[in-house]
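The following paragraphs go through a structure strand by strand and then turn to its interior. Please keep the model open while reading.

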Amino acid sequence: MAEVDSATLTEPDVPAKGYVQSFPAPGLRQIFRHITGHDGKGDSVFLRSDQGDHHRIMGDQQAVANILYSTQETPAELNGDVDIEKASSQEPPLHYHGGSIVRMIDFAPNVESPLHRAVSIDYGIVVEGVFELILDSGEKRVMRQGDVSVQRATAHKWKNISGNGTMPGRIMWVLLDCKDVYVNGNKMEGFLGDLAKEYVDQGVSK
């Protein structure tokens with residue numbers, strides 16, 4: 001995908017609403033998830049190859065979230081494949097207290113997320129496209145394919161600027177739990193802004 005600098009951006013007339021109907025978003029390739037395990041002899045085998053258990057269309061069909069995997073505790077219980085059953089049976093909240101989530105989101109062109117904060121440590125990897133990461137301080141960085149952000153319970157938002165705002169983009173996050181975060185004695189609280197409605201039926205851990 002074309003790479004651009006945020007200083008050269010214009011505001012293209014891109015109809016982001018209604019762009020995403022399913023996973024993957026139009027213009028992005030289908031991905032495969034491969035889950036491994038053991039056979040009766042203890043040899044490593046592939047148990048499943050698919051596109052993830054849970055897909056959620058977000059906003060006005062402006063993005064789609066694909067849950068690649070989740071665990072509800074750390075260390076994870078792998079015996080009896082109980083982790084697979086838990087991951088398959090329930091779509092997770094934003095993040096699990098004491099657990100982990102791997103979430104991939106496809107963004108329509110020129111989409112900007114609401115400002116939000118998860119009280120967790122999140123590793124964000126740009127898989128396809130170019131994004132602007134904007135913090136509540138006003139600081140921002142342009143992230144390109146392969147770039148990584150380490151969100152340490154900070155308030156932020158994302159804008160898909162792929163192709164000068166004309167192309168879809170994709171980010172993958174690994175969300176892990178953290179202890180309560182304090183700044184000058186003040187406890188940092190999580191908030192989702194307009195994203196809250198996307199998780200209202202699941203609850204938000206912590």
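Strand β7, residues 131-135, pairs with β10 in the antiparallel sense, and five bridges connect the two. This description rests on a predicted model. One position to locate is Phe 131, which stands opposite Asn 160 in β10. The pair belongs to an open sheet of three strands, ordered β8-β7-β10 with antiparallel pairing. Since β8 (140-143) and β10 (156-160) stand at the edges and each has a single partner strand, one side of each is left without a neighbour in the sheet. On average, neighbouring strands of this sheet are turned by 20° against each other, direction ignored.

Phe 131 also leads into the interior. The largest nonpolar core has 32 residues, and those touching the most other members are Met 58, Ile 105, Phe 107, Phe 131, Trp 158, Ile 171 and Trp 173. Two or more residues each come from β4, β5 (100-107), β7 and β11 (169-177). Of the elements, β4 gives the most to this core, with five residues. Which residues does Phe 107 contact, leaving aside its neighbours within four places in sequence? They are Gln 62, Ala 63, Phe 131, Asn 160, Pro 168, Gly 169, Ile 171 and Trp 173. Both Phe 131 and Asn 160 are in that list, and these two residues stand opposite each other in the pairing described above.

Strand β4 also holds a polar residue, Asn 66. Is Asn 66 buried or exposed? Its relative accessibility is 0%, so Asn 66 counts as buried, the cut-off for that class being under 20%. A polar atom of the Asn 66 side chain lies 3.0 Å from the backbone oxygen of Gln 51. Gln 51 is also one of the residues in contact with Asn 66 once neighbours within four places in sequence are set aside; the others are Phe 23, Ile 31, Gly 52, His 54, His 55, Val 102, Arg 103 and Met 104. In sequence, Asn 66 and Met 172 are 106 residues apart, while their C-alpha atoms are 9.2 Å apart in space.

Next comes helix α1, residues 82-89, where Asp 83, Ile 84 and Ala 87 are buried. These three cover an arc of only 100° around the axis, which puts them on the same side of α1. Glu 85 and Ser 89, on the other side of the helix, are exposed. The cover over the buried residues of α1 includes β1 (33-38), β2 (44-50), β3 (54-58) and β4 (63-71).

Two of these covering strands, β1 and β2, pair with each other in the antiparallel sense over six bridges. Within this pairing, Ile 35 stands opposite Arg 48 in β2. The hairpin of β1 and β2 has five residues between the strands, and Gly 42 takes a positive phi near 90° there.

The last pairing is that of strand β6 (residues 120-128) with β9, which run antiparallel and are joined by five bridges. Gly 124 has Ser 149 as its bridge partner in β9. Which residues of β9 (residues 148-152) are buried? Ser 149 and Gln 151 are buried and point to one face, whereas Val 148, Val 150 and Arg 152 point to the other and are not buried. The side chains thus alternate along the strand, with Ser and Gln on the buried face.

How values were computed:
Residues are numbered from 1 along each chain as its sequence is written. This is a predicted model: local features need pLDDT of at least 70, side-chain atom pairs count only at pLDDT 80 or more; totals for chains, interfaces and linings use all residues. Side-chain values use heavy atoms; hydrogens and water are left out. Buried means under 20% relative accessible area, exposed over 50%, partly exposed in between (1.4 Å probe, protein chains only). Helices (H or I, at least four residues) and strands (E, at least two) are DSSP runs, numbered from the N terminus. The arc is that of the directions from the helix axis to the C-beta atoms. Contact means heavy atoms within 4.5 Å. Two strands pair if DSSP finds at least two bridges between them. Axes are lines fitted to C-alpha atoms, for helices over the stretch in contact, and angles run from 0 to 180 degrees between N-to-C directions. A nonpolar core is a set of buried Ala, Val, Leu, Ile, Met, Phe, Trp, Tyr and Cys residues joined through side-chain atoms within 4.5 Å. A polar contact is a pair of N or O atoms within 3.5 Å; within protein, one must be able to donate a hydrogen and the other to accept it, and residues adjacent in sequence count only if both atoms are side-chain atoms.
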